[in-house]
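Me: I've got a protein model open and I'd like to work through it bit by bit. Can we do it as questions and answers?

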Amino acid sequence: MIVPGEILTLVEEIHSSGDRIIDFFSGKSDALSCSSTSSDSDDDVNFANDPSILRYIIIQALRESAVVGAKILVLCDIFSKRKNELCRAERHELIEYLKTRLPDFMKQLHRFLEVIEISLGNLTPVQRMDIASYFVSDIEHVLDVVFVFVTEIKTALEQIINASSAKKDKNYSNFGDKWKHNVGQALGKSLKNALHMRELMKLRSFHERVLASFMNLMHKKEVFSDMNSVNKTRSVANNLEWFIVEIPMFMLRTKELTAALDEKLTFKEWKYWFKLGTSKVAWVLNRLACHRETLDSLIRQIDRLVESEQFTRCLVQLSLLDPPPSAAATAASCGKTQLQTNGPKHTEIKSFHESPVASESKLAKNAVSFLKKGLDTDMSFEIVTTSQDASESASSPKGAYAAAVDGEMQHVTIKAHCIVIASRCDWFRKALLSGMKESINKKIVIHDTTPQLFLIFLEYLYGGQVDTGQLSTEQLADLMQLSDRYEVDCLKQISEDALKNLIDEDSALFLLGIADQFNARALRTAALEFIALNKDIIKSEVFYDLPEDLQSEVEEMITWVELRNSQRSEELSGPQFLNHDSPSSMSSSLLDIEELFSAVNISGKEEEQASDSSSLEDLPLTQDSAQLEACVAQLRDIVGESVPREELVRVSLAADYDVNRALNFFFSRFT
């Protein structure tokens, strides 16, 4: 488990660097102990009367920020290159852990803005003018340095583009003779050339942006240089005042972003964006390493400017910089010994840092045993049920609960441990620790379930596992309802996955109803697909007990499946070259193949077969008319006015109003 350990270490180091930046601007004396201008007293340092301290703080903060940026690049590079060393569950757990750290980073950013507001917000106009006057010469120097860097970046990009263009011309000159009689190799070579051209276009686009930044920076530098000293000081003071005024707005935006990440960013979306971001960063780093000779001078200047050992180590790890001679010699002499020493130790201590699964965990088994024996309990659950329902729990462990009959109702008490329940379930934690009556009586009343099922629910909270194979469809449905009520999402997901495998003609409508009620999307989709493929199910009386909007959705799903099947039968009557049910993500690949074929003069158009006899009246009616019209309008903008509207409506319905899929259907039928 070396890869997760490296990534977790990087995350902690990034947090530590953020804390140091905050300490710098908060004026803590221990953070500024290495400054020659800092006070010898133990009191916090105040830079309002000494701009030199603020200058030192900014330099140190920029250095730490550069280290943070380099470590983020290292994190992306490690994950992208070595993720295959982890199994799927380990990658999933690592990405989920990184998502949990996002709020911590946002809190650090908010604290940083608060410290800046406190430090700079109390400055008087005179103090702001003094700071501005002190920083005029530094700003001129910074503009000169940045101007030099941008110039070198522009020059390096031009060299890389020229070298790439020469390589492309050489490949095309040898293409015709070498691959003339081999179509497969010709296609492969053309694909490589197409990818090379795409990379070259990206470089040129980036070069244009750098050139625009270069011109803008040069203009600002000239304007600032033409000012006299008074105007320069006034300009810096005005910008400082504007920044102070805008800090509350930055803080508000940070809070909004934090709330959006907590409420709207699902794990699936975060996983997609994290993988996409890390892969793009790794690609950029790989390109930089390929052109290292051209960029070597620029990278070394940046390293000397930052002047940080951690930053240098990150550049070496990214293969952008050679290790220092002393470090390289040490690594060469000690590498073999280090490998021999660390190998066995890693195997020996693996069990200490890798958590076992619940089924193999002694702690989980002991916790469940503790629950069943009822030892040292400090709270209880009272399940209110009918005598008939309570009789189902006769085979449960003896001593786990006691029953009391009250007329037709039976009150079953199950003893539990407050600390376990509160730590494993947020709903119970709020009830037990927030001053409600449950926290006083240490008793929670449970309705609408059976003692046996609730005991299974508790055993999952204690042991982290449940044997779904021993439960019926009704019990799994009730368990999912119980998990949804008390916000135990993991158990809800387990129940949902088990129910997906139990869908049949008798239970499909029932499961569709509860999936829609409890927002179980995967189960809902599976039930809909099963019903659409077995349309006779809707003749049951249970179908009319569903909500009207759900009935309409089922009918539309059946209509769409029938239309898709009819189109497939028509298309299968001719030769097949492409998969007509390609997902939306394949649309760009189809366009790339089309361009590739045109590059090697391969064309295979067939004559269009218009179906003038079709009309809108022949198409099935749908309630999603707005989505249909929007999809048809977008298709019309792409394919032009020559295509009949009826054909666009057909492919829109077949693609379920997805424009990319509709384009796939259209081009596969008419090309």
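Me: Let's start with one residue: is Gly469 buried or exposed?
Reply: Keep in mind that we're looking at a predicted model. Gly469 belongs to the loop between α17 and α18 (473–485). To count as exposed, a residue needs over 50% relative accessible area. Gly469 has 64% relative accessibility, so it counts as exposed.

Me: How far apart in space are Gly469 and Ala498, C-alpha to C-alpha?
Reply: Along the sequence, 29 residues separate Gly469 from Ala498. In space, the C-alpha to C-alpha distance between Gly469 and Ala498 is 8.1 Å.

Me: OK, let's zoom out. How many helices and strands does the protein have?
Reply: The chain we're looking at has 671 residues, and buried ones make up 37% of them. Among contacts with a separation of 6 or more, 72% come from residues 24 or more positions apart. As for secondary structure, the count is 26 helices and four strands.

Me: Which side chains of strand β4 point to the buried face?
Reply: Strand β4 covers residues 443–446, and its side chains alternate between two faces. Lys443 and Val445 point to one face and are not buried. On the other face, the buried side chains are Ile444 and Ile446.

Me: What is the bridge partner of Ser380 in β4?
Reply: Strand β1 (residues 379–386) runs parallel to β4, and four bridges join the two. In β4, Ser380 has as its bridge partner Lys443.

Me: Which residue's side chain makes a polar contact of 3.2 Å with Lys443?
Reply: Lys443 sits in strand β4 and is partly exposed, because its relative accessibility is 36%. Not counting residues up to four places away in sequence, Lys443 touches Ser380, Glu382 and Glu438. The side chain that joins Lys443 in a polar contact of 3.2 Å belongs to Glu382.

Me: Which helix gives the largest share of the largest nonpolar core?
Reply: That core has 61 residues, and those with the most contacts inside it are Phe381, Ile421, Phe428, Phe454, Phe457, Leu458 and Leu461. Nine residues, the largest share of this core, come from one helix, residues 451–463. That helix is α17.

Me: How many residues are in the second, separate core?
Reply: This other core includes Val67, Ile160, Trp270 and Ile299. Its size in residues is 31.

Me: Which residues is Ile421 in contact with, leaving aside neighbours within four places in sequence?
Reply: Ile421 is one of the residues with the most contacts inside the largest core. Leaving aside those sequence neighbours, the contacts of Ile421 are Met379, Phe381, Ala416, Phe428, Leu432, Leu458, Leu461 and Tyr462.

Me: Now for the rings. What kind of pair do Phe79 and Phe274 make?
Reply: There are 15 aromatic pairs in total. For Phe79 and Phe274, the ring centres are 4.9 Å apart and the planes are at 65 degrees. Planes over 60 degrees apart count as edge-to-face, so the pair of Phe79 and Phe274 is edge-to-face.

Me: How many residues apart in sequence are the parts that Phe79 and Phe274 tie together?
Reply: Phe79 is buried, with a relative accessible area of 1%, and Phe274 is buried too, at 9%. Phe79 lies in helix α2 (residues 51–82) and Phe274 in helix α7 (residues 267–290). So the pair ties together parts whose separation in residues is 195.

Me: Is Phe428 buried or exposed?
Reply: Phe428 pairs with Trp427, with ring centres 5.5 Å apart and planes at 85 degrees, so this pair is edge-to-face. Trp427 has a relative accessible area of 32%, so Trp427 is partly exposed. Phe428 has a relative accessible area of 0%, so Phe428 is buried.

Me: Which residue has its charged end over the ring of Tyr460?
Reply: Here we have a charged end and a ring. The charged end sits 5.7 Å from the centre of the Tyr460 ring, and it belongs to Arg424.

Me: Last one: which side chain does Ser17 join in a polar contact?
Reply: Ser17 lies in helix α1 (residues 2–26) and is buried, because its relative accessibility is 0%. Leaving aside neighbours within four places in sequence, Ser17 is in contact with Glu64, Val68 and Lys71. The polar contact, at 3.2 Å, joins the side chain of Ser17 to that of Glu64.

Technical notes:
Residues are numbered from 1 along each chain as its sequence is written. This is a predicted model: local features need pLDDT of at least 70, side-chain atom pairs count only at pLDDT 80 or more; totals for chains, interfaces and linings use all residues. Side-chain values use heavy atoms; hydrogens and water are left out. Buried means under 20% relative accessible area, exposed over 50%, partly exposed in between (1.4 Å probe, protein chains only). Two strands pair if DSSP finds at least two bridges between them. A nonpolar core is a set of buried Ala, Val, Leu, Ile, Met, Phe, Trp, Tyr and Cys residues joined through side-chain atoms within 4.5 Å. Contact means heavy atoms within 4.5 Å. A polar contact is a pair of N or O atoms within 3.5 Å; within protein, one must be able to donate a hydrogen and the other to accept it, and residues adjacent in sequence count only if both atoms are side-chain atoms. Rings of Phe, Tyr and Trp (its six-membered ring) pair if their centres lie within 6.5 Å; planes under 30 degrees apart count as stacked, over 60 as edge-to-face and the rest as tilted. A charge sits over a ring if NZ of Lys or CZ of Arg is within 6 Å of the ring centre and within 35 degrees of the ring normal.
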